[in-house]
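Student: Could we zoom in on one part of this one, please? I'd like a close look at the start of the chain, and then at whatever it leads on to.

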Amino acid sequence: MAKHAPPLQLSERVYALTGPVNSAIVAGDGGRAVLVDTGQDADHGRRIRRALEELELTPVAILNTHSHADHFGGNDYLVRQFPDLKVYAPPFEAAIIRSPYLEPVYLFHGAKPPVEMTGKWLQAKPSPVHEEVEAGTLEVGGVQMRLLDTSGHAHRMLSVMVGDALIASDAVFGPATLERYPLPFGQDIGNQKAAHQVVAGAGASVVLPGHGEPVDGSEGIVAANAAAIERAEDAVLDACEDASTEEVLAQVGDVMGLVMEDLARYHLNLCTVSAYLTHLRETGRVSESLSAGRLTWRRAA
Ligand SMILES: [Zn+2]
């Protein structure tokens, strides 16, 4: 697949810009458009701008589905190019979009992170958020959107339904992405499972994941994502034999074939494993023990 594919029309109003991370342009009335996510950086912002020119659309709003750097990194460029743009995002996530250093900070236990974790992959440029939005209907620029609560991959997250097209963002990953990254990033695993059911029940005829190719219908992509979560949960549970969180991650990495050769990827996986441990603890399947300065996890008796 070309890295810089032209905009791909998914439905009457929805165009996808696919690549390492996907974004979408939704055509409204009177030549106006809403942008759903803006990619990693200014380069992705420029791609969106070129696509808007091709489609003869003027953007009036950005809706950021969540606060991960690769989904709002193009905001800074776009709000400079189009000063009237209004930015919408879910609560909580909005705070991180305004103060993006929070992402590498939370991934490094709240402390000042190593410099390798402050690159554009984990820390985007700050962006204003003008309005915080919850699940429900939203009309902007002549675009009618149904915002679905798909929190879980991020603490707060929205997927966007326009007609029968679902811009799912990272509520689901494309099958090829799951093969490459078999441990899908998640911050709240219970909610992430529920989000899969929201995607399944949305009645979408086409689904655009945050990473990977758009797919027809939701059944296949939801099944693939649910299976990935189940495999990950089993691997984490199996690793809980008086093991520290880092030891759990090492075993999960071994079992699932994770590639962790840089500090960013390691800490993303550590965050996800921690989310599984909280979920397993909440559902009574693991307990922890704190002794001699060591926090270890074991299966519940
Ligand atoms: Zn994400």
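**From the first hairpin outward**

Tutor: Let's begin with strand E1 (residues 8–9), which pairs with strand E2 in the antiparallel sense over two bridges. Keep in mind that this is a predicted model. Four residues separate E1 from E2, and the two strands make a hairpin. If you want a register mark, Leu-8 sits opposite Ala-16 of E2.

E2 itself covers residues 14–17, and its side chains split by direction: Val-14 and Ala-16 point one way, Tyr-15 and Leu-17 the other way. Buried or exposed, then, for these four? They are all buried, whichever way they point.

On from E2, a second hairpin, this one through five residues, leads to E3. E2 and E3 run antiparallel and share four bridges, and Tyr-15 has Ile-25 of E3 as its bridge partner.

Now put those strands in context. They belong to an open sheet of seven strands with mixed pairing, in the order E1-E2-E3-E4-E5-E6-E7. E1 is an edge strand, as is E7 (131–132); each has a single partner strand, so one side of each is left without a neighbour in the sheet. Over at the E7 end, strand E6 (residues 86–89) runs parallel to E7, with two bridges between them. There, Tyr-88 is matched with Glu-131 of E7.

E3 is also our way into the interior. The structure holds one cavity of 30 Å³ or more, and the space inside the largest cavity is about 40 Å³. Its lining is made up of Asn-22, Ser-23, Ala-24, Val-36, Asp-37, His-71, Ile-167, Ser-169, Leu-208, Pro-209 and Gly-210. Strands E3 (23–27), E11 (165–169) and E12 (206–209) are the elements that give two or more residues to that lining. By class, you get five nonpolar, five polar and one charged residues there.

Follow E11 and E12 and you land in another open sheet, with six strands in the order E8-E9-E10-E11-E12-E13 and mixed pairing. The edges here are E8 (136–140) and E13 (215–216); each has a single partner strand, so one side of each lacks a neighbour in the sheet. Within this sheet, E9 (residues 143–149) and E10 (residues 158–162) run antiparallel and are joined by four bridges, with Leu-147 facing Val-160 of E10.

E11 is also a good signpost for the metal. The zinc ion takes its protein donors from His-66 (NE2), His-68 (ND1), His-153 (NE2) and Asp-170 (OD), at 2.1 to 2.2 Å. Along the chain their spacing reads H-x1-H-x84-H-x16-D. His-66 is in the loop between strand E5 (58–63) and helix H2 (69–72), while Asp-170 is in the loop between E11 and helix H6 (175–180), so this pair ties together parts that lie 104 residues apart in sequence. Both His-66 and Asp-170 are buried. As for geometry, the angles among the four donor atoms run from 86 to 174°, and the site is irregular.

H2 and H6 turn up again in the largest pocket, which has a volume of about 770 Å³. They and helix H10 (263–282) each supply at least two residues of its lining, and H6 gives the most, with five residues. The lining counts 33 residues, and those nearest the pocket's centre are Pro-20, Thr-177, Tyr-181, His-211 and Arg-265. In terms of class, that lining has 15 nonpolar, 12 polar and six charged residues.

H10 then takes us to the second largest pocket, at about 310 Å³. Of its 14 lining residues, His-109, Thr-245, Leu-270, Cys-271 and Ser-274 are the closest to the centre. H10 provides the largest share of this lining, five residues, and helices H5 (102–107) and H9 (245–256) each supply at least two residues as well. The class split for this pocket is six nonpolar, seven polar and one charged residues.

Definitions and conventions:
Residues numbered from 1 in each chain as written. Predicted model: local features only at pLDDT ≥ 70, side-chain atom pairs only at ≥ 80, totals over all residues. Heavy atoms only, no water. Pairing = 2+ DSSP bridges. 1 Å grid on protein atoms, 1.4 Å probe; cavity = no way out; pocket = protein on both sides within 12 Å on 5 of 7 lines; lining within 4 Å. Points joined across faces, edges and corners; volume = space filled by probe spheres on them. Nonpolar A, V, L, I, M, F, W, Y, C, P; charged D, E, K, R; others polar. Donors = N, O, S within 2.8 Å, 3.2 Å for Na, K, Ca; no water. Tetrahedral: all angles 85-135°; square planar, octahedral: opposite > 155°, others 65-115°. Buried < 20%, exposed > 50% of the residue type's maximum accessible area, 1.4 Å probe, protein only.
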